[in-house]
Amino acid sequence: MIFGLANVWALLGWVILAFAPKRARVVPLVFFAGVVLLACLYAGLIIPLMAGVISDGGPTGRPPADFTTLAGVMALFDSPGGATIGWIHYLAFDLFVGIWIARNADAHKISRWFQIPILFFTLMAGPIGLLLYLLLRQLAGEKPENAVLPS
């Protein structure tokens, strides 16, 4: 249930980000209602999981979930709870990057028609969307030292 709700919530943020009129309140709304709530959900799940307060729903007898070894990370993702928490992590960070792209593109007067496919790639494969946006900025004549800095 948490997995499905987080997906729908994040997708709603992406739709608003891509298609809502460019207004001063839209991006902060998506940021606080989208990224911040997803981050709170993530924290509310990962902290008790790592503290051993809640179970990830995985099988017993496997290596404990930790972030210091490949086996530990695999163990975390090899359970319904761990995979859900990992997915929420992706949802929050990709939406954050999408917000940065949209704000930065708006500041540089890049048309929403160029932003929408880049935002789609950011939603589907975050680093590829970011790379496409940075390449677009380069092609548009942006100086390299300013390409990754918010304006």
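This report walks through a predicted model of one protein chain, from its overall fold to its core, surface and side-chain pairs.

## Overall fold

The protein chain has six helices and zero strands. Read from start to end, the pattern is α-α-α-α-α-α. The chain holds 151 residues, and buried residues make up 34% of them.

How far along the sequence do contacts reach? Take the contacts between residues at least 6 apart in sequence: 60% of them join residues at least 24 apart.

The accessible surface of the chain comes to about 9200 Å². Carbon and sulfur atoms account for 76% of that surface.

## The nonpolar core

The largest nonpolar core has 29 residues. Which members touch the most others? They are Leu17, Leu38, Leu95, Ile99, Ile101, Leu119 and Tyr133.

Several helices feed this core. Helix 1 (2–19), helix 2 (26–50), helix 4 (80–107), helix 5 (112–124) and helix 6 (126–139) each supply at least two residues. Helix 4 gives the most, with 10 residues.

Leu119 is one of the core members that touch the most others. Setting aside neighbours within four places in sequence, Leu119 is in contact with Trp14, Leu17, Ala18, Gly98 and Ile101.

Now look at Ala102, which lies in helix 4. Buried or exposed? Ala102 has 1% relative accessibility, so Ala102 counts as buried; the cut-off for buried is under 20%. Not counting residues up to four places away in sequence, Ala102 touches Leu17 and Gln115. Ala102 and Leu17 are 85 residues apart in sequence. In space, their C-alpha atoms are 7.4 Å apart.

Leu17 therefore appears in the contact lists of both Leu119 and Ala102.

## One salt bridge

Side chains of opposite charge can pair when their charged atoms come close. How many salt bridges does the count give? The count comes to one salt bridge.

The partners are Arg112 and Asp106. Their closest N and O atoms are 3.3 Å apart. Arg112 lies in helix 5. Arg112 is buried, because its relative accessible area is 14% and the limit for buried is under 20%. Asp106 has 23% relative accessibility, so Asp106 counts as partly exposed.

Arg112 also has other contacts. Leaving aside neighbours within four places in sequence, Arg112 is in contact with Leu17, Ala18, Phe19, Ala20, Lys22 and Asp106. Leu17 and Ala18 are listed for Leu119 as well.

## A nonpolar patch on the surface

Nonpolar residues also sit on the surface. Phe120, Phe121, Met124, Ile128, Leu131, Leu132 and Leu135 form a nonpolar patch there. Together these residues have about 670 Å² of accessible area.

Which elements give two or more residues to this patch? They are helix 5 and helix 6. Helix 6 gives the most, with four residues. Phe121, one of the patch residues, lies in helix 5.

Helix 5 and helix 6 each supply at least two residues to the nonpolar core, and each gives two or more residues to the surface patch.

## Aromatic pairs

A pair of aromatic rings is described by the distance of the centres and the angle of the planes. A search of the whole structure finds six aromatic pairs. Two of them are set out here.

| Pair | Distance of centres | Angle of planes | Class |
|---|---|---|---|
| Phe31 and Phe96 | 6.2 Å | 55° | tilted |
| Phe120 and Phe121 | 6.1 Å | 70° | edge-to-face |

The Phe31 and Phe96 pair links distant parts of the chain. Phe31 is in helix 2, Phe96 is in helix 4, and 65 residues separate them. Phe31 is partly exposed, with a relative accessible area of 25%. Phe96 counts as partly exposed too, at 42% relative accessibility.

Why is the Phe120 and Phe121 pair edge-to-face? The planes of the two rings stand at 70°, so the pair is edge-to-face; the cut-off is over 60 degrees. Phe120 is partly exposed at 47% relative accessibility. Phe121 is partly exposed as well, with a relative accessible area of 38%. Both residues belong to the nonpolar patch.

Ring pairs also link Phe3, Trp87 and Tyr90 into a cluster.

Technical notes:
Residues are numbered from 1 along each chain as its sequence is written. This is a predicted model: local features need pLDDT of at least 70, side-chain atom pairs count only at pLDDT 80 or more; totals for chains, interfaces and linings use all residues. Side-chain values use heavy atoms; hydrogens and water are left out. A nonpolar core is a set of buried Ala, Val, Leu, Ile, Met, Phe, Trp, Tyr and Cys residues joined through side-chain atoms within 4.5 Å. Buried means under 20% relative accessible area, exposed over 50%, partly exposed in between (1.4 Å probe, protein chains only). Contact means heavy atoms within 4.5 Å. Patches are made of residues with over 30% relative accessible area and no salt bridge: like charges are joined within 9 Å, nonpolar side chains (Val, Leu, Ile, Met, Phe, Trp, Tyr) within 5 Å. Accessible areas come from the Shrake-Rupley method with a 1.4 Å probe; for residues, only the protein chains shown count as cover. A salt bridge is a side-chain nitrogen of Lys or Arg within 4 Å of a carboxyl oxygen of Asp or Glu. Rings of Phe, Tyr and Trp (its six-membered ring) pair if their centres lie within 6.5 Å; planes under 30 degrees apart count as stacked, over 60 as edge-to-face and the rest as tilted.
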